[in-house]
Amino acid sequence: MSHTQLTHRIGVLTVCVAVLLPAIAFAAESLFKLKDPHGDDKGPGSYTYPTHAVYTRGSFDITSFEVVDKGSDVEFKVAVAAKIEDPWNSKDWDGNGFSLQFIQIYIDTDHKAGSGHTGTLPGIHAKFASESAWEKVVLLSPQGKTKLQSEVSAKAGGLKKSVIIPRSTRAATHTITGVVSKKVLGEPKKGWGYQVVMQSNEGYPAPGDLLTRKVNSERGEHRFGGGNDGDCDPHILDILAPPGSGGGDEKSAQYKALSYSCGARMAELPMVYP
Amino acid sequence: MVVLWKRGQPAPGTRPLWDRRRQTLLVALLLCSGGSARAETSNFDFSGRIYTKYLYGNDDSQGALWYGNPFWPDDIAGRNGVATEFEMTIKARVSDAVQAGVRMASRYGELWQDWWESGNYKYGQQVNTSGDSLGLNHASYMKLRGAWVRWNPELPLVDLVHVGASDMGTWNAWTIGRIRYIDRDNGKGFFIDGHFDEERSWTWNLGAVALPKLWVGPGWSSGVGDPVLKNPFWSRDWAYAGKLTWAAPGARVVAIGTMTQDLEADPADPDALGSLYPNCKDAGGARVPGCYSDHAVDFYSRFWSTNATLEGNFDPLEHINLNLLVGFAKQRIDPRFASNGVAINQGVSPVVFDDVSDGAAKLRLDIEDAVADGLKLKLEYFNIGQHWNAIFGQRREGDVLLTDGLVEGGQLPTLNLANEFIDFDEDWYESCIGWHGGTAVTEYAQGPLDVSAEYTFLSYNTNAQRRDVDKIYPDFLHSDGFTDTDLYSYANPKNIDRGRDPRSVYRRNQNRRTHIGVVKGRYTIDVGRGLDLSLKGKFIRDEDFRSDTTYDDDYRGDMATLRAKASMPVSDGVRVAVGGQVDRWGEKNRAGTLETGYGNGTTKKEKIFAQLSYDFKGVRLKYHLEYIHKDLLRPRDGDETWKVWRSKATLEVAW
């Protein structure tokens, strides 16, 4: 085969693959898309990023959250402001193509006071109001399923049945997507509430923490700053604030929700009911 | 007494770093002391890690490291053995503005069978039963790997001062690269971070890094071991770096400039150690003009280089990301102070032995969900000059190009790659110096399905005729044939013929072009805990018309690889996987010379493997077992067969 023929054939094959791929698309319907303001990745307003260069500005700044019905599956898509990088080569540790972010999506399926969990997973240090208690939480982590399952069993055993590890988790330029089977999640219904908690992946966390990176009073090379040296501050960089339209007022709503007083008041997360 | 456990400073999460908050020991120590805790010790992280590796194969080499150092024969490398490493990290907050840390690790290399080895050599360095015969490499002694102090000086525009160990992650692969993981605390320097505005849209970084005497420079050194130097002087060799970043929503621009400077004493200076003219008189006793002693030594630059990049990352539209990088590299070598490694070391050299400069450019466009939901199109153009080199750039564990490349690990713009001190299951990296071409990748992700297709065309800025590979351009001795990273040997003896050295970018005669096609797919079947199926097919056509004086040396290689893998969690924390790979390579004129002629080669290789990973409450076990059968058919040079069993297991705990 000549050089020209080969080039031509490979080119044609590539184009065919590109054209055919969308043709095998699964049925998809966006159930809703919420927005979150830029620049509010400061927790209660004071948090700062670690000093190491891998924590690029905007890496933990949620810009949108979308839930897509894919037939037998549901896709959860969380977009961030910065380009998603994989500085720690996640494929070396059976990871999912990104390194820094760890996202927890809390879902309130019944909006009933007294039903569900009001506490967050270990390492977050926040709570939900009784009427917004959650029944399920979806984890979008760079860690592979094996590690994630092991950590959940060891550190959140009591909540294990409410924790959903996606069938597949992947990262694109700005978006992290988790694919969850409806057999596990159930059929998403109108009236469900959602909260997206942005944390950072810590593969070797403190003994009680579920793969979360700590927030201290002073930032360190791999520690967020602007919080408290104890664990009375919410270890959360960004959340959704109602109504989820991305308005500037949602920044202040977030800062207020994540405010805390050590020994007196824990941060209380709102649910967003799209 | 109440001991408050306050702040942790654990290291980045996904790597086995060893800084776990531990208060138990501290509390115990304080209780034992029976007394007053000093306030400073309340912020104290003490963490550890034990890492054990089992490496076994069906040959008779001993050691627990698949590839050691090929130049200085490393006595810890070998394919049969079990070894353990212990690490300890201590971090503390000295005050609300000052933090400090150290990491210590035991030397890796003492096999479990090496009882009593104390680190001494006795009896003429003969291996014997004394327990004093193998040396420190086998004694598991603890070494200080790095120490740092970092503080906020509370000055206007200055955020941080960092003194000591750093992994150099502030810069990039094209300039000063992030240090490979196992060396992450070996690099040390002075660093200052700051900003220009309150919003920190503009930030800056400055650094001065002590040049490693062992690998940044001609001959992989900054003078040590160079036969032309009587008094190698490395303690004043530094690299300098500056970085300016502008960031706004949807845009980020980073400018980096770096310089390396390797200084040596002027041998004509009468005050220099080993001076040619200590008394300012030549061999005939005549006075050397201009020579006088002033008790100060003059210095000259043995090697100097500068690398600079300007990189922009933009999101012009919601579904589009644009990344542009342009760079410039320049180097100067003074042959009075640097031996010609190309000439005296069989073309094995991390630098072109000449004063050269060149540029590099890369443009990448990512389009997501624009045509169809879940469909991505990635396009990349790259043009890296034949004289580009990042002597202090990233040596491995990075990838600057989109393409899968000729080897799978990654492409880096340096001749200074590090493919040693690795095991058989680790990635390989190749130099992309001189690469000019483009890559198109389509990716489609829907539900549990991920598929992608790549096409890359490569031409080479290094294409040239009658290039001087005797004295100027390093060809790394082995520049022909597909590289077999499964069964690599640094020596590349004829009975192995593992192909091209991944650093070999220059040839005497080259007129080369390459096509790469890759198709990958992964699907998760909803059975049990989810069965992941993955498939990868790769085809490469590599052509090199070599000398323009004859057709008889024209090379054409076709390489096809197909790999399949199935993996599934079988319980919480336990995953098993099985898979296989088939390679078929056909190469016309694979190896030889114009004078001796060329021989063809056909490679038939099959590999099967099984994997297990186990995570349980802090203990992590991984096991990999594989069998490779390879036939290398060479009508001219004789056939060879490999039947290789090999396995690797790691057990790790960190606290």
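**Group meeting: chains A and B of a predicted model**

Let me begin with chain A, where 54% of the 274 residues are buried, a residue being buried if 20 or more other C-beta atoms lie within 10 Å of its own, exposed if 12 or fewer, and partly exposed in between, with C-beta atoms placed from the backbone. I should say at once that this is a predicted model, in which local features need pLDDT of at least 70 and side-chain atom pairs count only at pLDDT 80 or more, while totals for chains, interfaces and linings use all residues. Residues are numbered from 1 along each chain as its sequence is written, and chains are lettered from A and ligands numbered from 1 in the order in which they are written.

Staying with chain A, its secondary structure comes to 4 helices and 11 strands; helices (H or I, at least four residues) and strands (E, at least two) are DSSP runs, numbered from the N terminus. Its radius of gyration is 20 Å, which agrees with the value near 19 Å for a compact globule of 274 residues, where the radius is taken over C-alpha atoms and the globule rule is 2.2 Å times the number of residues to the power 0.38.

Turning to the sheet, 5 strands of chain A form an open, antiparallel arrangement in the order β1-β2-β3-β9-β8, two strands being paired if DSSP finds at least two bridges between them. Because β1 (29-35) and β8 (168-171) of chain A each have a single partner strand, they stand at the edges, and one side of each is left without a neighbour in the sheet. In chain A, β8 is joined by 4 bridges to β9 (residues 175-181), and these two run antiparallel; within that pairing, Thr169(A) has Gly178(A) in β9(A) as its bridge partner.

How far apart in space are Ala206(A) and Gly123(A), C-alpha to C-alpha? They are 8.5 Å apart, although 83 residues separate them in sequence. Ala206(A) lies in the loop between β10 (193-200) and α4 (249-257) of chain A, and it counts as partly exposed because it has 19 C-beta neighbours inside 10 Å.

Finally, chain B, whose secondary structure comes to 2 helices and 24 strands. For its 655 residues a compact globule would have a radius of gyration near 26 Å, and the 27 Å of chain B agrees with that. Its C-alpha atoms fill a box of roughly 85 × 75 × 70 Å, taken along the principal axes, and 39% of the 655 residues of chain B count as buried.
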